[in-house]
Amino acid sequence: MGLLAVGFAARRKEGKVTRPFGNLRPALLACVFCRKNDDCPNKYGEKKTNEKWNITVHYYCLLMSSGIWQRGKEEEGVYGFLIEDIRKEVNRASKLKCSICKKTGASIGCVAPRCKRSYHFPCGLQRECIFQFTGNFASFCWKHRPVQIITSNNYRDSMPCTICLEFIEPIPSYSILRSPCCKNAWFHRDCLQVQAINAGVFFFRCTICNNSDIFQKEMLRMGIHIPEKDASWELEENAYQELLQHYEHCDVRRCRCKEGRDYNEPDSKWEIKRCQCCGSSGTHLACSSLRSWEQNWECLECRGILYNSEDFQKAKKHSLPNTNNVGITDCLLEESSPKLPRQSPGAQHKDLLRQGSKYRRDISTIIMELGFQIKKKTKRLWINKANIWNSALDGFRNQNFNPSHTIEVAYVNENDNFGREHPGSKQEFLCLLMQHLENSPVFEGSLSKNLSLNSRALEENLYYEAGKILAISLVHGGPSPGFFSKTLFNCLVYGPENTQPILDDVSDFDVAQMIIRVNTATNVADLNSVVNECYNYLELIGCLRIITSLSDKYRLAEDILVYHVIKRVQAPFESFKQGLKTLGVLEKIQTYPEAFYSIFCHKPENLSAKVLSDLFTVCTLSDVQALGFWNNYLQAVEDGKSAITMEDLLIFATGCNSIPPAGFKPTPSIECLHMDFPIGNKCNNCLALPITNTYQEFQENMDFAIRNTLRLEKEESSHYFGH
């Protein structure tokens with residue numbers, strides 16, 4: 001029986017039968033195999049009772065039993081298993097004792113040669129046995145179950161399950177599985193099983209690369225049941241009905257139609273024109289001064305993309321209207337940029353055309369221009385490495401601190417009675433500072449973060465300080481932030497009033513569940529039930545509304561979403577934005593959103609051997625053999641044949657785990673010295689390589705020194721992350 005037989009039960013047709021058991025409900029009957037009353041389809045499969053023969057089974061208990069085969073048609077017996085075969089199997093199992101609960105009726109046996117363990121299906125789940133829902137439907141006990149072999153584990157920190165986004169230890173186990181096609185994709189077993197049941201064989205695939213063949217084969221091997229059925233969302237009645245409806249809503253800031261934004265009168269100035277690029281935004285012709293329906297029109301987001309495209313200069317045929325009745329700021333799409341002085345519509349359009357190439361500038365060039373503000377006059381910051389955040393706050397809040405002065409870092413130890421200080425790397429300091437900022441209480445979320453609402457942070461003005469520190473870090477050569485959500489970034493660029501948050505922006509589980517329940521309500525009664533349950537909360541946040549039709553759920557869900565993600569954090573946002581104005585950073589972000597989006601919302605790409613080889617310059621008179629060992633070592637690290645990672649190597653030499661947008665100052669270099677172990681000088685970004693007789697000795701010495709140095713540094717500053 002192959003995979004195609006697994007999901008046949010999803011397509012069966014129920015017939016009307018008599019109930020010889022009187023008032024006894026089938027759900028209360030025990031499975032004849034495991035003798036449990038539980039009705040839990042996700043764990044045990046669907047529970048079914050053949051009332052004529054007084055037999056109740058869990059689908060998985062029946063399917064995995066070792067001594068029975070499907071000999072009938074789907075409508076015969078139970079799931080195609082004949083009644084006489086089921087009785088024989090129950091009789092056979094009654095003579096076998098479960099190796100786990102010690103009770104009889106263990107119908108499932110381990111297929112490993114010479115293994116005599118038998119167990120019930122629920123007991124096997126509890127003891128972490130693996131059941132393969134494919135081929136011969138084999139079962140493996142906890143001693144002989146298949147495992148995932150990971151040849152090289154470079155994951156030192158927790159990683160998120162790509163389904164529920166909760167952090168897990170990236171170590172293959174029964175409950176933690178790794179994707180066979182994406183090495184950075186990890187899952188909870190339970191998350192995968194629920195996903196498989198909902199998606200079915202046609203839609204179950206890797207959440208990262210969308211591979212289905214390799215992914216499903218591995219998941220079946222590891223005991224994930226993938227039913228042969230259509231996805232649950234495909235089976236919903238009228239699931240895609242809204243796709244057949246045209247978008248009819250005016251989205252410009254100042255709608256001039258007295259009948260409202262949803263009014264649409266064809267062949268008049270109040271006809272709604274949709275965005276020619278995305279079709280998901282609209283405007284009345286009069287509200288955007290369009291002379292006719294044939295005239296091209298794009299929404300704000302699409303126009304921003306067009307401005308950044310290489311074909312922007314060719315789009316001169318699309319001119320902005322020049323009229324005395326409607327100003328350029330009257331509509332959402334022609335709103336003047338906060339970076340530009342107020343101009344006439346025609347003048348601003350010519351300015352934007354002239355600046356077409358400016359909108360496509362490289363981020364490193366932009367940050368280098370910001371760096372021209374930095375003066376040669378230096379300001380020394382005394383930093384306690386065990387408490388970097390508070391040390392930095394004290395330094396930046398000092399009345400003598402000027403963000404345009406060159407920053408020097410000196411590390412001090414509060415336990416040092418002699419008050420000695422050690423020169424520190426500015427870029428290492430900024431890198432550690434950004435790591436703390438990402439995990440500070442001013443932000444919330446797992447990977448893509450939004451501003452939080454923290455009363456203590458507001459009281460201590462930490463949102464302003466966070467924006468200020470981020471701006472200073474970028475201009476002075478710090479790393480990419482990389483943790484902003486698209487929603488937070490759009491709020492900074494286009495304003496909160498022009499930004500639509502999404503469900504992923506909600507980090508509060510209860511609020512997210514409320515929005516999901518509102519969105520998935522199937523009738524007015526269900527929707528009113530949710531509103532009544534959450535009445536006090538909805539009233540408190542000003543989102544309580546009278547429900548008259550099912551379509552009201554969309555506006556209600558949007559109101560809750562906008563309140564929780566945007567309106568709730570209005571005060572923190574304004575404070576953070578003011579801090580980000582330091583050294584003109586916010587103005588540059590709003591001028592070049594496409595360039596800054598890449599460093600605010602995305603982590604830097606993984607380092608490669610070629611990138612590091614090109615990054616480090618070679619000092620003169622270096623040992624040729626050692627340089628050859630260096631290139632071989634980079635390739636070994638990239639191939640996972642070393643005990644360290646590319647990031648470890650860069651941290652050892654520079655203090656940074658990625659290349660800053662503005663690059664390193666000074667440029668990283670390598671030199672070769674007659675010594676046993678490498679030395680990293682983070683102040684000068686210099687890596688001294690040992691001169692050895694063999695490559696094996698070179699690699700062992702490099703691995704040992706880098707691994708242990710980074711471990712000691714992490715231990716020394718470990719309690720800094722707790723502040």
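Which residue in β19 is the bridge partner of T617? The partner is S669. The legends below describe close-up views of a predicted model.

**View 1. An open sheet of 4 strands with mixed pairing.** The strands follow the order β18-β19-β21-β20. β18 (617-618) and β20 are the edge strands, each pairing on one side only. At the β18 edge, β18 and β19 run parallel and are joined by 2 bridges; T617 and S669 are bridge partners there. Strand β19 (residues 669-673) is in turn parallel to β21, with 5 bridges between them. C672 has L689 of β21 as its bridge partner. On the other edge, β20 (residues 679-681) pairs with β21 in the antiparallel sense, over 3 bridges. Within that pairing, I679 is matched with A688 of β21.

**View 2. Strand β21 and the hairpin with β20.** Strand β21 covers residues 686-690, and 5 of the 5 are buried, so the strand is largely enclosed by the rest of the structure. The burial applies to both faces: C686, A688 and P690 lie on one side, and L687 and L689 on the other. In the hairpin of β20 and β21, 4 residues stand between the strands. N685, in this hairpin, takes a positive phi near 55°.

**View 3. The cis peptide bond between K665 and P666.** Omega of this bond is about -5°. P666 is located in the loop that links α24 (646-654) to β19. The β19 strand that follows this loop is the one paired with β21 through 5 bridges.

**View 4. The salt bridge between R71 and D85.** A search of the whole structure finds 15 salt bridges, and this view shows one of them, with the closest N and O atoms 2.7 Å apart. R71 sits in the loop between α2 (59-64) and α3 (83-93), while D85 belongs to helix α3, so the pair ties together parts that are 14 residues apart in sequence. Are the two partners buried or exposed? R71 is exposed, at a relative accessible area of 54%. D85 is buried, at 11% relative accessibility.

**View 5. The salt bridge between E89 and R92 in helix α3.** The closest N and O atoms of this pair are 2.7 Å apart. E89 and R92 are 3 residues apart in the helix, and therefore about one helical turn separates them. E89 is buried, with a relative accessible area of 1%. R92 is partly exposed, with a value of 31%.

**View 6. The salt bridge between K603 and E438.** Here the closest N and O atoms lie 3.0 Å apart. K603 is in the loop between α21 (593-600) and α22 (609-615), and E438 is in helix α11 (residues 426-438), so the contact ties together parts that are 165 residues apart in sequence. K603 is partly exposed, at 47% relative accessibility. E438 counts as buried, at 16%.

**View 7. A positive surface patch.** The patch is formed by R35, K36, K43 and K103. R35 belongs to the segment before α1 (41-44). With 48% relative accessibility, R35 counts as partly exposed.

**View 8. A nonpolar surface patch.** L165, F167 and L447 make this patch, which has an area of about 270 Å². L165 is placed in the loop between β7 (159-160) and β8 (167-168). The relative accessible area of L165 is 39%, and this residue is partly exposed.

**View 9. R114, a residue with positive phi that is not a glycine.** Phi of R114 is about 65°. The residue is in the loop between β3 (108-109) and β4 (118-119). R114 is exposed, at a relative accessible area of 82%.

**View 10. E128, a residue other than glycine with a positive phi.** The phi value of E128 is near 65°. E128 is found in the loop between α4 (121-126) and β5 (130-131). At 32% relative accessibility, E128 is partly exposed.

Notes:
Residues numbered from 1 in each chain as written. Predicted model: local features only at pLDDT ≥ 70, side-chain atom pairs only at ≥ 80, totals over all residues. Heavy atoms only, no water. Patch = residues over 30% accessible without salt bridge, like charges linked within 9 Å, V, L, I, M, F, W, Y side chains within 5 Å. Areas by Shrake-Rupley, 256 points an atom, 1.4 Å probe, with all protein chains shown as cover. Salt bridge = Lys/Arg side-chain N within 4 Å of Asp/Glu carboxyl O. Lys, Arg positive; Asp, Glu negative; His and termini not counted. Charge placed at Lys NZ, Arg CZ, Asp CG, Glu CD. Buried < 20%, exposed > 50% of the residue type's maximum accessible area, 1.4 Å probe, protein only. Pairing = 2+ DSSP bridges.
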